[in-house]
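Visitor: Hi, I have a structure open and could use a quick tour. Can we take it one question at a time?

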Amino acid sequence: MSGEAAQRVALIADAVTGLSAVPKTLPCKWLYDAAGADLFEAITRLPEYYPTRTEVGILTDQADAIAAAIGPGAAVVEFGPGDGAKAELLLAALPAPAAYVPVDIAPEWLEAAASRIAAARPGLPVLPVVADFAQPFALPARLGAAPRLGFFPGSTIGNFEPGEATLFLRRARETLGRGARMLLGADLVKDAAVLEAAYDDAAGVTAGFNLNLLRRLNREAGADFDLGGFRHRAVWNAAAERVEMHLVAQRAQTVRLAGREFRFAEGETIHTENSHKYRPERLRGLAEAAGWRAATMWTDERAWFSVWLLEG
Ligand code: AVI
């Protein structure tokens, strides 16, 4: 089976399971088809979406302190590199990095980061690895004994459930090996209005990103969602300390997918994403439960975002 066909089978299986559940849910990883990836890119530039520019601000303002803490000769292993922009910033700050290893399951996404870093840092070995970074994977033998630095920016950790986040950090520690370190970006708990605006922007880009999931199901899973029949909702769940994205049925309706019928009552939702926000002590506990020591946390002047150096 081709990679694309296997993806489609997995998407249909997840959709059937998720739409049969009570309450209905769909895994957020399916938000990122080509259109979804472009929409996410647009989200990172929105005035309301503070995480990207705040994290970039920390990586820029604290570059000297981060570089001093990490030291020379690090092999930077980035989990899900996107366009590689943050790695470019980090690699420019670090003294004599040994190599850059972007890791992603989608080879076409690795290409963007790999070529960006190859152009920005000629002479630096760029060694892409195609793998599901949430699972253990093998690092290129060419890294030799270079000290490993995992890099997981963007608060993507927040899209995992806390138990999954601990599991991810534990596996990353195994993959990186003894003595490795990890630079981790995590969004912090803050005012609900700031959080909800970041996930429900005035221009409607996040709404488009969420609804694109239904478009994808229509195209790749043969579903017949009426996109006008659903509306985007972002809500801060204070008890669980997470922003939730939902698609809310605007009227009672029935949707067909993979030969089945899924009924929606008016107001019923499909829960499409959780974006967990952390308090520093909670994040520290999570890292420690995964076997890391949370050595240093850098933040911005509003304490909206955190960048952590974890030691193995
Ligand atoms: C990729 N991830 C860290 C984003 C977030 O903030 O949770 C995804 C996102 N969803 C809506 N806006 C951005």
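Visitor: What sits close to an oxygen atom of the ligand?
Guide: The side chain of Tyr199 does. One of its N or O atoms is 2.5 Å from a ligand oxygen. Keep in mind that this is a predicted model.

Visitor: And Ser275, how far is its polar side-chain atom from an oxygen atom of the ligand?
Guide: That distance is 2.7 Å.

Visitor: What about a nitrogen atom of the ligand, which side chain is 2.8 Å from it?
Guide: That one is Asn159, through an N or O atom of its side chain. The ligand is also well covered: on its own it exposes 340 Å², and the protein buries 96% of that.

Visitor: How many residues surround the ligand?
Guide: There are 14. The closest are Tyr49, Asn159, Tyr199, Glu273 and Ser275.

Visitor: What classes are in that shell?
Guide: Seven residues are nonpolar, six are polar and one is charged.

Visitor: Which helices and strands supply at least two residues each?
Guide: Three elements do so: helix H2 (34-43), helix H9 (205-220) and strand S11 (269-276).

Visitor: New topic. How is the chain divided into domains?
Guide: Into two, each made of two segments. Domain 1 is 3-31 + 193-276, and domain 2 is 62-190 + 278-311. Both help to line the ligand site, with at least three shell residues from each.

Visitor: How far apart are the C-alpha centres of the domains?
Guide: They lie 29 Å apart.

Visitor: How many residues are in contact between them?
Guide: Eleven from domain 1 meet eleven from domain 2. The two domains bury about 960 Å² between them, and 46% of that is on carbon and sulfur atoms.

Visitor: Which residues of domain 1 lose the most area to domain 2?
Guide: Leu195, Glu241 and His276. Together they give 59% of what the domain 1 side buries.

Visitor: Last topic, the backbone. Which peptide bond is cis, with omega near -10°?
Guide: The one from Val22 to Pro23. Pro23 is in the loop between helix H1 (3-20) and strand S1 (24-25).

Visitor: Why point that out?
Guide: Because most peptide bonds are trans. Most residues other than glycine also have a negative phi. Ala96 goes the other way, with a positive phi near 45°.

Visitor: Where is Ala96 found?
Guide: In the loop between helix H5 (85-93) and strand S3 (99-104).

Terms used. Residues are numbered from 1 along each chain as its sequence is written. This is a predicted model: local features need pLDDT of at least 70, side-chain atom pairs count only at pLDDT 80 or more; totals for chains, interfaces and linings use all residues. Side-chain values use heavy atoms; hydrogens and water are left out. A residue is near a molecule or strand if one of its heavy atoms lies within 4 Å of it. A polar contact is a pair of N or O atoms within 3.5 Å; within protein, one must be able to donate a hydrogen and the other to accept it, and residues adjacent in sequence count only if both atoms are side-chain atoms. Accessible areas come from the Shrake-Rupley method with a 1.4 Å probe; for residues, only the protein chains shown count as cover. Helices (H or I, at least four residues) and strands (E, at least two) are DSSP runs, numbered from the N terminus. Ala, Val, Leu, Ile, Met, Phe, Trp, Tyr, Cys and Pro count as nonpolar, Asp, Glu, Lys and Arg as charged, and the others, Gly among them, as polar. Domain bounds come from an automatic or database domain assignment. Contact means heavy atoms within 4.5 Å. Buried area is the accessible area (1.4 Å probe) that two parts lose on being put together, summed over both.
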